[in-house]
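Here are my notes for anyone opening this one for the first time. Keep the viewer open and go through the points in order.

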Amino acid sequence: MKSELVAALYGTPGTITTGAIMVAAVMAAAAVLTGGDRVFGLMTAAMLAIGAFRQIAHRRFMRVDLPKASDAEIDRLERLAMFGAWSTAALVSSFGSYAVLKYTYQPVAVLAIAQTIGYLAGVSGRNSSRPLITRVQILIAAVPFLLALASTGDAAYVVIGLTVALTTVLTFSSAQVIHRMFVARLRTMRELETLAVNDTITSLYNRRGFMREIRAIASAGQPVTLISIDIDRFKGINDSFGHDVGDALLQSFGDMLSAELRRGDIAARTGGDEFMVATSRDAPEAATFARRLVMLLGSQRVLAGRHVTATASIGIAPAGCASSIDEALKCVDIALYRAKLEGRNRFAVYTEAIQDEHEDGRAIEAELREGIRRGEFSLEFQPIYNPRSGTATMAETLLRWNHPRRGMVSPEIFIPLAERTGLITVLGAWVLDQAIRTALTWPRSVGVSVNVSARQFDRGHDLVGLVAALLRLHGLEPHRLTIEITESSLIADAEHVTARLVALRALGVRIALDDFGTGYSSLSYLAHLPIDTIKIDQAFTQELGSSRKAEYLMNAITQLAHDLKLRLIVEGVETQEQLAIIQKHATHGIQGFVFARPMTAEKLLPMIGNRVATGRTKSARPGGGPRKGDRFSEVA
């Protein structure tokens, strides 16, 4: 506060210079009117010298960085302002007093009286930030002048003296009032400035304040590393626990972040759940810092009486990664995006390779939209065989993208991209429609399964209504359609997804839990989800034959499926050795390269009626169909 009050003393350098020149001109005029009075000449020179001194003091003030200045430097500036103001007051008072006493009834006295009274009248608002300076100015200028007027004994001068005395008293008292108004205005401005650059929840900088600070750092040529932090799935926390808990989490994280900063670091909350840090740490130190933040935020905490666990994704980039701060912010955003892409609850450091991949991903995103519009997508089907009869009981639908320039684009690339952009609902609806159409060309004993993304369960997308409409439109028996889901579908809103699955089951559609054996909570899902089938993930299948533990777990899963009356399908069976091991278990379906690779509907159709050698199949009866009543011949 004191630095700002002192700064106000130097707020009108032009006025001070102009005033000094005008007073000097009046004194020079007095010298001329008196025929060259040397005292007036000396006063003129002294006034010009004081004006020059105050200009030099102002230049010194301009060279000082007040926010970083020491108290001694600020006190020195204040003393220089005091000396300039008080010496001016003393010289003006001397001019008025000398003219009145020596040239009492001459025109020069009138000129001096007018100058002195004018100065006194203008003092009240001149140094309002420091009332002591103003009051001393008034006393120095008024007291000698009043004594000079009174000593003349002339009635007119005495009346003028009384007027000056009244003006002095009023000015003396108003100086404090003006000072209070000045301080109140200054405090209001500081509060508004604080609100403009600080976040009200965390007390950190907001985006505006952060940008101001890092631009100042960049202008000074100091090295800086940018760290972008995003609280994972913050919207879900707000929706589940309420905004009071969400605000408490933001405040808790802000406090934790502030405690981890070191001298010179700058932290800000730049968005709803977004934080930024600018630090002098190099990339390895910043990575260590980010790793600690991930650990600290991921720990459980009690907020507003609720146990809340949140995680964070973090991106790191040196400001030197780009030619400007604004471009560097894009670099750190790309690193943050990579951390989210890799599964969240982690950090990623910006590299040129990540930049290239990001730009390629943006290009693919645009091409994905065009690919949907141009019809570049197609379906393939991989049959699932009954291990008893050796016949196909179902085929899994697989989406393919034949890009005109890139060739076949892996689903591992375009499916996550479609999910992030929301295009998965468009693709998913098309896949369901085409899969149901294709299944109508197969025997009625063969069903079709379709993988459904977590995004297709979003509240803004009516998956149940879509499935019901397509079944009704094409006339496919509902039990021939199986919807495959993964555990990831349940993470965001398990209650809503479960309700949608129950509604699908009510239509007669079957539900399969895909990738079983890889999730940490699969057993919990088996107990609560309305599912008919579990599919053993191929990653688990690959361990059969090389891991005794995998075989023991396979026995346990088979028994669990039998006890829960669930169908069991094994995916990714590629070798005869794996097939021989799986044959020991009562599975309902086998899927993998050992029997057939994914193929077009045209190639699949003539193969559906054929049997494959599973090692357990019996000789084919006339007609080639399965025996009636065999529970393994049902649609898996």
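1. Let's begin with a group of rings. This is a predicted model, and in it F40, F95, Y98 and Y103 are joined into a cluster by ring pairs. Across the structure there are 12 aromatic pairs.

2. One of those pairs deserves a look of its own: W401 with F414, which sit edge-to-face. Their centres are 5.9 Å apart and the planes make an angle of 90°. An angle over 60 degrees is what counts as edge-to-face. If you wonder why both numbers are quoted, a pair of aromatic rings is described by the distance of the centres and the angle of the planes.

3. What does the W401 and F414 pair tie together? W401 belongs to strand β9 (residues 392-403) and F414 to helix α14 (residues 411-421), so the pair links parts that lie 13 residues apart in sequence. As for their surroundings, both W401 and F414 are buried.

4. Two arginines also sit over rings. R281 lies over the face of F289, 4.2 Å from the ring centre. R597 does likewise with F593, at 4.0 Å from the ring centre.

5. Now step back to the whole chain. The protein has 636 residues, and 47% of them are buried. Its secondary structure adds up to 22 helices and 16 strands. If you take contacts between residues at least 6 apart in sequence, 69% of them join residues at least 24 apart.

6. For a helix pair, try α8 (residues 207-219) and α12 (residues 325-341). Their axes come within 11 Å and cross at roughly 115°, and the crossing is right-handed. On the α8 side, the residues in contact are R207, M211, I214, R215 and A218, while α12 brings I325, D326 and L329. How many residues of this contact are nonpolar, polar or charged? The split is five nonpolar, no polar and three charged.

7. Two loop residues have backbone angles you may want to check. S203, in the loop between α7 (155-197) and α8, has a phi near 65°, which is positive in a residue other than glycine. R233 has a positive phi too, about 50°, and is not a glycine either; you will find R233 in the loop between β1 (225-231) and α9 (234-241).

8. Are S203 and R233 buried or exposed? S203 has 57% relative accessibility, so S203 counts as exposed; the cut-off for that label is over 50%. R233 has a relative accessible area of 48%, so R233 is described as partly exposed.

9. Next, a polar-named residue inside a helix: Q578 is part of α21 (residues 576-582). Because its relative accessibility is 5%, Q578 counts as buried, given that buried means under 20%. Which residues does Q578 contact, once neighbours within four places in sequence are set aside? They are T541, Q542, L544, G572 and V573.

10. L463 is in helix α16 (residues 463-474). With a relative accessible area of 1%, L463 is buried. Residues up to four places away in sequence aside, L463 touches L432, V452, Q456, F457 and L504. Also worth displaying is L501: its C-alpha atom is 9.7 Å from that of L463, with their positions 38 residues apart along the chain.

11. Finish with N345, in the loop between α12 and β7 (347-349). At 38% relative accessibility, N345 counts as partly exposed. Beyond residues up to four places away in sequence, N345 touches D232, V294, T311, A312 and S313. How far apart in space are N345 and M295, C-alpha to C-alpha? The distance is 8.7 Å, although the two are 50 residues apart in sequence.

Definitions and conventions
Residues are numbered from 1 along each chain as its sequence is written. This is a predicted model: local features need pLDDT of at least 70, side-chain atom pairs count only at pLDDT 80 or more; totals for chains, interfaces and linings use all residues. Side-chain values use heavy atoms; hydrogens and water are left out. Rings of Phe, Tyr and Trp (its six-membered ring) pair if their centres lie within 6.5 Å; planes under 30 degrees apart count as stacked, over 60 as edge-to-face and the rest as tilted. Helices (H or I, at least four residues) and strands (E, at least two) are DSSP runs, numbered from the N terminus. Buried means under 20% relative accessible area, exposed over 50%, partly exposed in between (1.4 Å probe, protein chains only). A charge sits over a ring if NZ of Lys or CZ of Arg is within 6 Å of the ring centre and within 35 degrees of the ring normal. Axes are lines fitted to C-alpha atoms, for helices over the stretch in contact, and angles run from 0 to 180 degrees between N-to-C directions. A crossing is left-handed if the near helix is turned anticlockwise from the far one by less than a right angle, and right-handed if clockwise. Contact means heavy atoms within 4.5 Å. Ala, Val, Leu, Ile, Met, Phe, Trp, Tyr, Cys and Pro count as nonpolar, Asp, Glu, Lys and Arg as charged, and the others, Gly among them, as polar.
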